[in-house]
Structures are given as C-alpha cells and as structure tokens.
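Please work through the following exercises with the structure open beside the text. Each task sentence is followed by a solution that goes step by step.

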Amino acid sequence: MVVNSARALADRYVNFAWYQARGQSDAHEELAARIGHDPEFCAHLARCLPAGEKQQPSLLLAAVRYLDGPYAEHGPRGDAPYRGWREWTLRHWDEVHAVIARRRARTDDPARCAPLLPLFARLPQPLALLEVGASAGLCLHPDRYRYRYDERPEFGAPDSTVVLPCRTGPGTPVPDRVPDITWRAGIDLAPLDPADPDDVRWLEALTWPGATDERLRSQRAAREAVRSAPRTRMVRGDLIDALPALAAEAPPGATLVVFHTSALACLPLERREEFARLVRSVLRERDRLGNGPGHWVSNEHHSVLPWITTPRLAHPLPTAERPLTLSLDGRPVALTGQHGHSVQWL
C-alpha cells in the first residue's frame, strides 16, 4: 500500500487501529487512533517517511518502544499522555527515523506454526521448508514446539517449553504429531539473528504491548528452542531475486514447501503477481527435474492475493482478529487468526 498524503496516512492509522489492533492491543489501538486524528503529526510523517513500507504504523510504534519512548505497555490513555508521547517522538525524531530506516516491521511469532501444522501434516513427508519473509526464522522450526488444539491432548517435541494453543473450527484436520523436516531455509530483506541482543530487542519491540504475556513468553521460549538447532540457512535478499537459487538447494526426494505468513502486503500488486508466477514456475521445474514434489502455502489477508477467493463461513469462530486466508497452491483451505491462535477449515 503506497501512501503519499497526510490524509491517506491518517486513514492508514485509523484502519490499523480498527482492523488490526482492536481486540489485540488496547495500547496500539488507542495510540494509532489518536495519530490518525492528528493531521499535523500525520503531515510530518508523510513528509519525512518514504511512501510504502516505511509508513507502516507498526514500524513507527515499534521504533519508539525500541528507543524506550514514554509509552510502553499501557498506551497513552488520554490526551495529555498522548501529547507527551508525540512531543517525545518529535524531539527524538532523528533517532526514531534512523531506526525506521534500518529496520522492518517483520515480527516473528512462532504461534503462527499452529494453523500451518494441519496443512503441513497432510503433505508427503519429509518436508523441505523455505519461508519467504522469514525474519528470525522461528516459524521454520515447527518440529521444536508443542501444540494444544482446543481441549485435545498436547503433542510435539518432548522436551520443548514452547506450548502453542490454537482453537479450531469444525472439520479442521488436527494432526497428532509434528512434521518430519529434513531441510529449512529462509529469505528476508533484513533477517534477524535470534542470538543477537539488538535483534532480540527489536523483535520484542515489535510484539504488541498489552498482548497476552503468552505471546512474549512463546517467542522467548522459541528463541531458546532453536538456539541448539543447526544454524538455519538464511538469505538476505529480495524474495523474487533470491527464490530460484535457494529453492534449488532443497534436497531431492523431499517435498519442497515455499510458505509465507503476512509477508506480501507491502509489495505492490504487480510484484505479488510476479511472485505467484515465479513460485509456480520454480515448483514446476523441480517436478520436471524429478527432484520431488513442491507446494506453495500462503497465509495472507484476502486482499493481498485477491485472485484467491475465500468463501464465507456459515459459522465462523468468534474472534476480534482480522482473519487470514490459508491456501495451498492458490486454493483456499482455511481461515486463520493473524497471530496463530485459530484455524478453521473451509
């Protein structure tokens, strides 16, 4: 989404407050709404930040938290605290701008593995996972976590301290074991190192304040769980430029799964279309060479890949989250919560 005016940027903050933060983070909901109704501050942001990804609300809010700005877990809570937050942000604008310039708003929430697992479990094993927009690579290790779907028995890695709860809708094919993963790799414009203190500080700044402590605990436990794993192959680069060569490294005989969650929204539509064509081409070539099957798993809001139409559910799960559409090779199979706490099969 390209924003090139203060009015459009204000609308972006209001939409973020209403459609993303509402029900997930009271602090982000209130702060984003106040920014969206502050024309002077929005004009400043429109002047100082390049249109597109750098104008994401979550990026500004995380940058202020990363720098220990005045508002943290509880939000501005009124006009006077908001004015204090605004004044601090403008006074420290050079530092805030520097963080925004070098960072990206790519969080890494291991809970997103839970809605992916029913689909991964149905694919021919073993799997070779390639994540686009991998951030710190925590979602490349679904076999190192434990899962609890509704009230069913917990299962997963025997000694893991990461327990990911997930609600399911009728007909969801809940697995009872983690997938067999033989290879994993990721692509990101700015990959994060879960062992680097500064990258960890940024990851935690991206975790929405007021969200359940469970999310932050899960992320910290996941970082610990992957610390002992062999170092994941992470490529710094553009998803389209880097994909073919990296996919070619996947071992023959495994099912190559190219997947992504909330990773494509900042790309213009033509780039998303180009990416879809490229993924299909890469998987066809793998099959032609006899290296094994391949699948494309996307988990994005329905507006991101508009040609993947999602039918309405007669009885959707009650949630305040904006649902994502989980699809396999361009065919919708489920609706999922944006933070991984629900999955409802179509």
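**Exercise 1.** In this predicted model, determine whether Y147 is buried or exposed, and then classify the geometry of the rings of Y147 and Y149.

*Solution.* The relative accessible area of Y147 is 0%, and since buried means under 20%, Y147 counts as buried. The neighbouring step concerns Y149, which has a relative accessible area of 1% and is therefore buried as well. For the geometry, the ring centres of Y147 and Y149 lie 6.3 Å apart, with the planes at 10°. Centres within 6.5 Å make a pair, and planes under 30 degrees apart count as stacked, so the pair of Y147 and Y149 is stacked.

**Exercise 2.** State how many aromatic pairs the structure holds, and classify the one formed by F120 and F259.

*Solution.* The count of aromatic pairs is nine. In the pair of F120 and F259, the ring centres are 5.5 Å apart and the planes stand at 80°; because planes over 60 degrees apart count as edge-to-face, this pair is assigned to that class. The next step is to place the two residues along the chain: F120 belongs to helix α7 (residues 113–120) and F259 to strand β7 (residues 255–261), 139 residues apart, and the pair thus links distant parts of the chain. F120 is buried, at a relative accessible area of 1%, and F259 is buried with a value of 1%. Elsewhere, one aromatic cluster is formed by F41, Y82 and W85.

**Exercise 3.** Find which rings have R22 and R201 over them.

*Solution.* R22 is placed over the face of W18, 4.0 Å from the centre of the ring. For R201, the charged end sits over the ring of Y66, at 5.4 Å from the centre of that ring.

**Exercise 4.** How many disulfides does the structure hold, and why does C139 take part in none?

*Solution.* The number of disulfides is zero. The cysteine sulfur nearest to that of C139 belongs to C113 and is 4.2 Å away; because a disulfide requires two cysteine sulfur atoms within 2.5 Å, C139 is in no disulfide. C139 is buried, with a relative accessible area of 4%. C166 is likewise in no disulfide, the nearest cysteine sulfur, that of C113, being 11 Å away, and C166 is buried at a relative accessible area of 3%.

**Exercise 5.** Describe the surroundings of strand β8 (residues 294–300) and how β8 pairs with β7.

*Solution.* Seven of the seven residues of β8 are buried, so the strand is largely enclosed by the rest of the structure. Sorting the residues by direction, G294, W296, S298 and E300 point one way, while H295, V297 and N299 point the other way, and all are buried. In general, side chains in a regular strand alternate between the two faces of the sheet. Strands β7 and β8 pair in the parallel sense over six bridges, and L256 stands opposite G294 in β8.

**Exercise 6.** Which residues of helix α2 (residues 26–36) are buried, and what covers them?

*Solution.* The buried residues of α2 are A27, H28, E30, L31, A32, I35 and G36. Their cover includes α1 (6–21), α3 (39–48), α4 (57–66) and α5 (79–91).

**Exercise 7.** Which elements have the lowest and the highest mean pLDDT?

*Solution.* The protein averages a pLDDT of 90, and 95% of the residues score at least 70. Among the elements, helix α9 (residues 213–227) has the lowest mean, 82, and strand β1 (residues 127–132) the highest, 98.

Methods. Residues are numbered from 1 along each chain as its sequence is written. Side-chain values use heavy atoms; hydrogens and water are left out. Buried means under 20% relative accessible area, exposed over 50%, partly exposed in between (1.4 Å probe, protein chains only). Helices (H or I, at least four residues) and strands (E, at least two) are DSSP runs, numbered from the N terminus. Contact means heavy atoms within 4.5 Å. pLDDT is the predictor's confidence in each residue, from 0 to 100. Rings of Phe, Tyr and Trp (its six-membered ring) pair if their centres lie within 6.5 Å; planes under 30 degrees apart count as stacked, over 60 as edge-to-face and the rest as tilted. A charge sits over a ring if NZ of Lys or CZ of Arg is within 6 Å of the ring centre and within 35 degrees of the ring normal. Two strands pair if DSSP finds at least two bridges between them.
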